[in-house]
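This briefing introduces a protein structure to a reader who has not met it before. Please keep the sequence and the model in view while reading.

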Amino acid sequence: MTRRSFWAWGMADQEPSREQYAALAHRLQRRYGVARELPQPPTAASLHLRKPRLTPHPLVAGICSMDDHDRAAHTYGRSFRDRIRAFNCDFPNPPDIIAYPRNEAEVRTVLDWCSNSNIIAIPYGGGSTVVAGIEPPPADKIVTIDLTRLDRVLEIDDTSRAARIQAGVLGPALEAQLRPAGFTLRHFPQSFEFSSLGGWIATRSGGHYATNHTHIDDFVESVRMVTPAGDWDSRRLPGSGAGPSPDRMVIGSEGILGIITEAWMRIQARPRFRASAGVVFDTMAAAANAARLIAQAKLWPANLRMLDPNEAQDFANLDGAQALLIIGFESAELPQDDHIRQAVAIARDAGGSISNDDILIADAAQRSDSSAGRQGAVGSWRNSFINAPYERNAAIGFGIVAETLETAITWERWPALDEAVRSALHDALQRTCGNGRVSCRFTHVYPDGPAPYYTFEGLGPVGAELEIHAAVKQAASDAVMAAGGTITHHHAVGRAHRPWYDHQRPDPFAAALRAAKQTLDPNGILNPGVLIDP
Ligand SMILES: Cc1cc2nc3c(=O)[nH]c(=O)nc-3n(C[C@H](O)[C@H](O)[C@H](O)COP(=O)(O)OP(=O)(O)OC[C@H]3O[C@@H](n4cnc5c(N)ncnc54)[C@H](O)[C@@H]3O)c2cc1C
């Protein structure tokens with residue numbers, strides 16, 4: 001059976017082929033006028049990790065691994081910085097042991113062992129963090145607790161439309177278990193294939209739907225979490241005004257308060273009616289304005305994605321001058337024809353153009369509907385969205401520095417934030433690489449503001465990628481903060497965003513969080529360094 005790649009997004013047999021490397025070298029030649037040798041990706045034989053510094057407690061020995069491949073694969077998440085270091089087999093601080101509990105009792109046993117022996121414990125779901133959320137801190141004993149064997153949907157309540165689900169289940173297995181009952185969680189982050197329910201809850205992840213119910217927060221009905229101080233179990237309720245919400249404390253806790261073992265999640269009937277349109281604009285400002293007007297009209301499209309001209313060229317084959325607004329609606333119950341026409345009318349009034357033939361309306365119950373096979377710009381964008389993380393694998397080893405960063409800002413400050421972030425990215429890329437490209441799209445849109453998502457790329461010398469990346473990330477993050485944005489809209493804080501998060505959150509809140517951690521994790525063993533210092 002093939003294993004997860006220890007450096008790339010996906011499985012080992014999905015690592016880049018020679019053909020993909022050759023195609024990328026060709027693109028670099030065209031874009032930057034530079035000829036680069038094809039990279040030589042690492043193999044498991046290249047791994048020489050520090051020996052484990054502890055042995056598993058006899059009570060958990062049967063569920064622990066000290067295998068080098070396992071330890072390497074659990075050292076980093078999947079940010080650009082992570083993939084570069086793993087590609088270079090740079091693993092100075094791997095976890096000593098990976099524990100794979102099969103049930104909640106085993107989670108408790110591993111956690112008690114760690115807490116009683118002052119061993120650092122790192123909760124691990126799919127390992128798709130891009131903010132170093134699972135990267136071990138400097139410490140002399142480290143156990144990573146991989147939850148992926150807690151992978152079952154335990155109960156479905158089809159009256160209240162909720163399911164009790166174990167936290168380690170990855171996206172595809174979760175949906176596969178809900179599908180026979182006709183349900184979906186309808187939470188699809190781009191990392192869906194290799195991220196887990198517990199990871200989504202711990203990081204407050206954002207699904208790819210642009211408005212309304214898209215954050216994992218919206219779907220959590222109650223949570224179970226095992227902590228060194230005891231089990232945390234909240235009551236299943238559709239809503240409650242009883243004081244600060246215990247669930248709100250768990251959602252976004254990033255593994256510092258306890259290990260989420262299961263949750264009751266709100267589920268939905270699978271969508272039947274769909275409608276989508278790609279509206280073209282002469283300028284990004286006009287497309288962004290149309291997005292604002294549609295969001296403020298409270299139409300709540302499932303998709304409302306503004307692509308700037310560079311994104312629209314890369315992902316939807318437009319000409320590089322025009323911006324694109326992708327609008328999509330879906331429903332299990334009601335045809336969406338009226339909604340899409342109303343949204344398109346608003347977009348046209350705001351300066352957008354689309355022919356009526358390019359408004360796609362589909363009913364899953366009628367497979368022969370007229371939109372089948374007509375995918376247009378919306379279809380191109382969807383395919384690129386799913387493939388993008390795999391395509392980024394091939395960029396490692398060429399000297400390319402490519403990464404994404406995301407934020408959110410209110411509408412009246414969005415133009416100034418955009419100008420500041422683009423300018424910081426361009427300046428930093430010019431200074432470090434002498435070249436570079438920046439693009440932006442909206443991943444989520446609210447009535448009071450968008451969540452802009454920037455992608456940057458530069459080509460520098462092979463071997464200088466980490467240094468260049470640090471300079472560019474610093475410049476862009478400083479610009480986001482100075483413009484009043486958040487350091488993260490849905491990628492979490494982890495270790496990577498700490499300097500800016502520390503600036504963003506109120507100090508008394510940090511003190512309250514520290515006190516909560518001290519109560520739940522008195523020995524400070526759970527994921528230290530994430531969110532707060534112990
Ligand atoms: C290609 C790519 C695309 C991405 N797209 C999106 C996106 O669209 N939306 C989005 O929100 N994010 C996205 N991310 C970021 C990442 O996928 C999310 O943060 C995701 O929620 C992490 O889930 P995971 O199971 O992989 O968690 P991990 O990476 O394993 O862990 C993340 C954090 O959660 C903690 N944790 C994990 N499981 C538990 C648990 N059971 N109990 C307590 N703590 C736990 C860990 O300790 C760590 O702090 C993307 C990442 C990549 C690489």
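The points below cover strand pairing, a mixed sheet, one helix and the aromatic contacts.

The model is predicted. Strand 10 (residues 259-266) pairs with strand 6 (residues 162-166) over 5 bridges and with strand 8 over 6 bridges. A separate topic is an open sheet of 4 strands. The aromatic pairs number 10.

**Strands 5, 6, 8 and 10**

- In strand 10, 7 of the 8 residues are buried, so this strand is largely enclosed by the rest of the structure.
- Strand 6 is likewise largely enclosed by the rest of the structure, because 4 of its 5 residues are buried.
- The pairing of strand 6 with strand 10 is antiparallel; within it, Q166 has E262 as its bridge partner, and I165 has A263.
- Strand 8 also runs antiparallel to strand 10, and V226 stands opposite I259 of strand 10.
- Strand 5 (residues 153-157) is joined to strand 6 by 4 bridges in the antiparallel sense, with A163 of strand 6 as the bridge partner of I156.
- The hairpin of strand 5 and strand 6 has 4 residues between the strands, and R161 there takes a positive phi near 55 degrees.
- As background, strands of a sheet pair through backbone hydrogen bonds, either parallel or antiparallel.

**The open sheet of 4 strands**

- The strands of this sheet follow the order 1-2-4-3, and their pairing is mixed.
- Strand 1 (64-65) and strand 3 (120-124) stand at the edges; each has a single partner strand, so one side of each is left without a neighbour in the sheet.
- Strand 3 pairs with strand 4 (residues 142-146) in the parallel sense over 5 bridges, and the bridge partner of I120 in strand 4 is I142.
- Helix 4 (residues 104-116) packs on the sheet, where it touches strand 2 (97-99), strand 3 and strand 4.
- The direction of helix 4 makes about 165 degrees with that of strand 4.

**Helix 13**

- Helix 13 (residues 465-482) contains 18 residues and reaches 26 Å from its first C-alpha to its last, close to the 26 Å expected at 1.5 Å a residue.
- The buried residues of helix 13 include E465, I468, H469, V472, K473 and A476.
- Those buried residues pack against helix 3 (80-87), strand 16 (400-406), helix 12 (414-433), strand 18 (449-459) and helix 14 (498-504).
- After helix 13 comes G484, which has a positive phi near 95 degrees.

**Aromatic contacts and charges over rings**

- The count of aromatic pairs comes to 10. In one of them, the ring centres of F188 and Y209 are 6.2 Å apart and the planes stand at 65 degrees, so the pair is edge-to-face.
- F188 lies in the loop between strand 7 (183-184) and helix 6 (197-203), and Y209 lies in the loop between helix 6 and strand 8 (220-227), so this pair ties together parts that are 21 residues apart in sequence.
- F188 is buried, with a relative accessible area of 18%; Y209 is also buried, with a relative accessible area of 7%.
- One aromatic cluster is formed by F188, F192, W200 and Y209.
- The face of Y209 has R186 over it, at 3.6 Å from the ring centre.
- Elsewhere, R441 lies over the face of F315, at 5.8 Å from the ring centre.

How values were computed:
Residues numbered from 1 in each chain as written. Predicted model: local features only at pLDDT ≥ 70, side-chain atom pairs only at ≥ 80, totals over all residues. Heavy atoms only, no water. Phe/Tyr/Trp six-rings, centres within 6.5 Å; stacked < 30°, edge-to-face > 60°. Helix = DSSP H or I, 4+ residues; strand = E, 2+ residues; numbered from the N terminus. Buried < 20%, exposed > 50% of the residue type's maximum accessible area, 1.4 Å probe, protein only. Lys NZ or Arg CZ within 6 Å of the ring centre and 35° of its normal. Pairing = 2+ DSSP bridges. Contact = heavy atoms within 4.5 Å. Axes fitted to C-alpha atoms, helices over the stretch in contact; angles between N-to-C directions. Expected span 1.5 Å × (residues − 1).
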